[in-house]
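Have a look at the chain below and turn it around a few times before reading on. We'll go from the whole chain down to a few spots inside it.

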Amino acid sequence: LQNMKMVPVPEKAYGTFFEGDCYIILHTKRTSRGSAVDLHYWIGRDSSQDEQGAAALYVTQLDSALGGSPVQHREVQGHESETFQSYFRNGIIYKKGGVASGFKHVETNMYNIKRLLHVKGKKHVSATEVALSWDSFNKGDVFLLDLGKVLIQWNGPSCSIAEKSRGLALARSIRDSERGGRAQIGIIDNEKDSPDLMQIMKMVLGERRGELRDAIPDTKADELQKANVRLYHVYEKDSDLVVQEIATRPLTQDLLQHEDCYILDQGGFKIYVWRGKASSPEEKKAAFTRAVGFIQAKGYPSSTNVEVINDGAESAMFKQLFQRWTEKNETHGLGRAYTTGKIAKVEQVKFDTTQLHARPELAAEQRMVDDASGEIEVWRIEDLEMQPVNPKMYGQFYGGDCYLVLYTYLRSGRPHYILYMWQGRHASVDEITACALNAIELDKKYGDEAVQVRVTMGKEPRHFLAIFKGKLVIYEGGTSRAQKSTPEPAIRLFQVRGTDEVNTKATEVPARASSLNSNDVFLLTTSQVCYLWCGKGCSGDEREMAKMVADIISRRDKHTISEGQEPAEFWEALGGKAPYASEKRFQEQSTHYQPRLFECSNQTGRFIMTEVVGFCQEDLDEDDVMLLDTWEEIFLWVGKASNTYERNEAIASAKEYLKTHPAGRDLATPIILVKQGHEPLNFTGWFNAWDPYKW
């Protein structure tokens, strides 16, 4: 903003901000549903109140001009949102001054420059102009001494590889965009090894006296803080603003009434304002002012991030703070833990597995690594050791046991490994621990290359179903050991779901009428007979698969009966008739859930995650542990150089992430551990243009 007017910034200056000014950023991205528009106004730390007010006003006007579809953000220097930071891949540079302070936005002779930039951040980089003095330095960050024709990058002794490489990317981008490529870059990684460059630094900064300051830890909101979501109703009463708390987590979508405006406070880390379609124009206009008023009333820092959202055009970030979110004209809610018998019927789409390699994004979407034609080996944990399971019994899992399933498949001629750890609901804590320890040993045996997948009983991922070729049976309790302590029940009921060899499983449910569901086929086994009960909503394919499973479960005669035509003995075996689920099913959430990538760190004993918006393979650094959330599963990507503490804590971090997720996530979501250089297709497919040779 210049003299309260909007003046376009030349493209080559994108990413450079004067601290005395305010800026407006319009960002448009094509999506499968049209386009997503974000409007940000950015406040420099030395900008005037008038300019800040004008910027907010312009954003509101632009929003109406664009038909109320943009998501609007208030950004404060040094505290920008992850979305904002994702626009400036090479980092953000803050320059001293601005129009108001008499500095003109013209680079005087571009080589006649002398400035020191303090570079911070690993996933999101920002560089602030600081005083030209050794006092500005510390041991943990990267500093760029910019002398026009020469840029010297000084790396603090406790910098990570990622910070150094991000610093270099920033130095190169200054060279290329501001100096037309005509500047030299020198790097000091260890002062002793670079006497010539140190000489130049001393000429500019003088001799250094005393010790360098220690690294400054980043102050970031941790996940527990972000999980503390509260919803407030905001309205005016006799010219006073009333803010009334109406709910805490888990929030549901029906709390938002179209006639009103609401503030959602995410633990003081971010404030959302939701504007109902039918709220008054005055209310809509006052959104930012109200948010800022709310921040002051709560005593939050004035740099707190604000996002203003219009009814019907909510951002992905906002939607996933709710337990379930349904779009107009679609029936699926945002995931929830379904109980057996009320499981969502996912329309089974036949897909051609031969396409997986040509189209990795299909592998990701279908959650399939390959066509499931590889080799299987299964062990049961017995007396805390691995006991091989008889191959005739492959596919039968008992809730009182833990199993290890090693799947081996070839990709470009080399074997790849997936190690599934299946944990029975009734297995002892010792067995579950032994299962994890044996998995680590087994992984070592295969050169630490296996992808480890934790499977909670009843939450088996799609690929797991596929490798058992339609013969997967899950028994509620008991064990598959030779000497069984308890006799098997005489009457058992199984729910069979699936239409082909790739997606079928049979799950034991309580043998009562209330367990039935019109959408499925059920198998009822008694000492005399095995009934195949076909619900009204099941298809021919589902009936065929159920017949195959029936042969595994029972050697008795098979009787097929249709819903409504049951003989009396059928109800007797189930202990009498009772109401059961019969309404048509909806589809589950994961279809419109945007995958999200986070950098995890719990260095300080606090669990902190930094989201990388619009992620790509470049964002996976060797010294990171990254979490990719695709809703149906959680991937943990472990870099080669990540530290042991974070590596060992990775699984705990993923569980913590699910526990603190504002949408009240299912804690049984599969957690998949992936190692750098051994990524399976169902992971790489979420990334655009994955390069398998990058490392």
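What follows is a walk through this model, beginning with overall numbers and ending with single residues.

Keep in mind that this is a predicted model. The protein chain has 15 helices and 32 strands. Of its 695 residues, 53% are buried. As for how the chain folds back on itself, take the contacts with a separation of 6 or more: 67% of them are between residues 24 or more positions apart. The accessible surface comes to about 32,500 Å², and carbon and sulfur atoms account for 51% of that.

Let's start with a helix. Which residues of α4, spanning 195-205, are buried? They are M198, M201 and L205. Looking down the axis of α4, you'll find the buried residues within an arc of 60°, so they line one face of the helix. D196 and M203 sit on the other side of α4, and both are exposed. So what covers the buried residues? Part of the answer is a set of strands, including β8 (142-146), β9 (150-155) and β10 (184-188). Just after α4 comes G206, with a positive phi of about 80°.

Now for a strand. β24, residues 505-509, is mostly covered, with five of its five residues buried. In a regular strand, side chains alternate between the two faces of the sheet. You can follow that in β24: K505, T507 and V509 point one way, A506 and E508 point the other way, and all are buried. Who are the strand's partners? β22 (472-475) runs parallel to β24 and is joined to it by three bridges, with V473 standing opposite A506. β23 (492-497) runs antiparallel to β24, and five bridges join the two. One of the pairings here puts L493 across from its bridge partner V509.

Another strand, β11 (residues 229-237), contains H233. This histidine counts as buried because its relative accessibility is 15%, under the 20% cut-off. Beyond its neighbours within four places in sequence, H233 is in contact with V242, V243, Q244 and I246, and also with D260, C261 and Y262.

Loops can be covered too, and P680 is a case to look at. P680 is found in the loop between β32 (671-675) and α15 (681-684), yet at 2% relative accessibility it counts as buried. Leaving aside neighbours within four places in sequence, the residues in contact with P680 are V369, Y409, R411, V451 and V674. How far apart are the C-alpha atoms of P680 and I418? The separation is 8.8 Å, although the two residues are 262 residues apart along the chain.

Finally, the cysteines. A disulfide is a covalent bond between the sulfur atoms of two cysteines. How many disulfides does the structure hold? Zero. C402 is in no disulfide, and the nearest cysteine sulfur, that of C435, is 4.8 Å away. C402 is also buried, at 0% relative accessibility. C538 tells a similar story: its closest cysteine sulfur, in C534, is 4.8 Å away, which is too far for a bond because a disulfide needs the sulfur atoms within 2.5 Å. At 9% relative accessibility, C538 counts as buried as well.

Key. Residues are numbered from 1 along each chain as its sequence is written. This is a predicted model: local features need pLDDT of at least 70, side-chain atom pairs count only at pLDDT 80 or more; totals for chains, interfaces and linings use all residues. Side-chain values use heavy atoms; hydrogens and water are left out. Buried means under 20% relative accessible area, exposed over 50%, partly exposed in between (1.4 Å probe, protein chains only). Helices (H or I, at least four residues) and strands (E, at least two) are DSSP runs, numbered from the N terminus. The arc is that of the directions from the helix axis to the C-beta atoms. Contact means heavy atoms within 4.5 Å. Two strands pair if DSSP finds at least two bridges between them. Accessible areas come from the Shrake-Rupley method with a 1.4 Å probe; for residues, only the protein chains shown count as cover.
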